[in-house]
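User: I have a model open in front of me and would like a close look at a single part of it. Could you pick one helix, walk me through how it sits in the chain, and then follow its surroundings outward?

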Amino acid sequence: KQWYQRRVRAFKEFIMALSVTSKGTLDEKLDWAFSLYDLDGDGFISDREMLDIVYSIYNMVGNMLILPKEEDTPEKRVSKIFLQMDKDRDGRLTKEEFKEGSRMDPFIVHALSTDFDSTKLEQKK
């Protein structure tokens with residue numbers, strides 16, 4: 001049953017993503033992204049929650065992109081994100097930490113822009 005609930009939530013999140021990422025302000029998109037990563041809905045993103053999502057992202061697109069050595073695994077990417085965003089070093093991100101840190105990451109801002117063009121990403125040959 002828990003597996004089914006996760007699948008239903010994933011589908012709802014996907015539909016929301018289509019709507020939010022095609023229109024809306026950066027702030028609205030970051031609110032949506034925060035809710036996507038906050039898997040247990042407690043108002044924080046733990047490193048475990050982020051790792052679950054980043055694993056999924058890497059599984060979907062990781063082999064299509066050339067990733068920098070310092071981000072070539074989900075663990076490295078999550079460590080880098082937490083190093084940049086977790087200002088109070090408590091091992092979890094508040095919505096404000098997440099939004100502020102995301103605004104400072106050019107890749108995240110670009111990925112959430114309405115004119116995102118995946119053909120501009122460097123692809124493996």
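Analyst: Happy to. Read along the sequence, the chain runs α-α-β-α-α-β-α-α, which gives six helices and two strands. Please keep in mind that this is a predicted model. Buried residues account for 29% of the 125 residues in the chain, and 49% of the contacts with a separation of 6 or more are between residues 24 or more positions apart. The accessible surface comes to about 8,500 Å², with 59% of that area belonging to carbon and sulfur atoms.

Let's take α4, residues 74–85, as our part. This helix has twelve residues and reaches 16 Å from its first C-alpha to its last, close to the 16 Å expected at 1.5 Å a residue. Its buried residues are Pro-74, Arg-77, Val-78, Ile-81, Phe-82 and Met-85. They cover an arc of only 130° around the axis, so they lie on the same side of α4. The face turned away from this buried side carries the exposed residues Ser-79 and Leu-83.

What does the buried side of α4 pack against? Its partners are β1 (45–46), α3, β2, α5 and α6. The largest nonpolar core holds 19 residues, and those touching the most other members are Tyr-37, Ile-45, Met-50, Leu-93 and Phe-98. Helix α4 is one of the elements that give two or more residues to this core, along with α2, α3 (47–61) and α6 (106–112). Met-50 shows the link to our helix well: leaving aside its neighbours within four places in sequence, Met-50 is in contact with Val-78, Ile-81 and Phe-82, and also with Tyr-37, Ile-45, Leu-93 and Phe-98.

Now for the charged side chains of the helix. Lys-80 forms a salt bridge with Glu-71, with the closest N and O atoms 2.5 Å apart. Is each partner buried or exposed, or something in between? Lys-80 is partly exposed, at 26% relative accessibility, whereas Glu-71 is buried, with a relative accessible area of 11%. Lys-76 meets Asp-72 in a salt bridge as well, at 2.9 Å from N to O. Here Lys-76 is partly exposed at 33% relative accessibility, and Asp-72 is partly exposed at 30%.

Just past the helix, the loop between α4 and β2 (92–93) contains Arg-89. Its phi is near 55°, a positive value in a residue other than glycine. That is worth a glance, as most residues other than glycine have a negative phi.

To finish, let's step away from α4 to the other salt bridges. The count for the model comes to eleven. One of them joins Asp-27 and Arg-103, whose closest N and O atoms are 2.7 Å apart. Asp-27 lies in helix α2 (residues 26–37) and Arg-103 in helix α5 (residues 95–103), so this pair ties together parts that are 76 residues apart in sequence. Asp-27 is partly exposed, with a relative accessible area of 33%, and Arg-103 is partly exposed too, at 38%. Both belong to a network of salt bridges that also links Asp-31, Lys-95 and Lys-99.

Key:
Residues are numbered from 1 along each chain as its sequence is written. This is a predicted model: local features need pLDDT of at least 70, side-chain atom pairs count only at pLDDT 80 or more; totals for chains, interfaces and linings use all residues. Side-chain values use heavy atoms; hydrogens and water are left out. A salt bridge is a side-chain nitrogen of Lys or Arg within 4 Å of a carboxyl oxygen of Asp or Glu. Helices (H or I, at least four residues) and strands (E, at least two) are DSSP runs, numbered from the N terminus. Buried means under 20% relative accessible area, exposed over 50%, partly exposed in between (1.4 Å probe, protein chains only). Contact means heavy atoms within 4.5 Å. Accessible areas come from the Shrake-Rupley method with a 1.4 Å probe; for residues, only the protein chains shown count as cover. A nonpolar core is a set of buried Ala, Val, Leu, Ile, Met, Phe, Trp, Tyr and Cys residues joined through side-chain atoms within 4.5 Å. The expected span of a helix is 1.5 Å times one less than its number of residues. The arc is that of the directions from the helix axis to the C-beta atoms.
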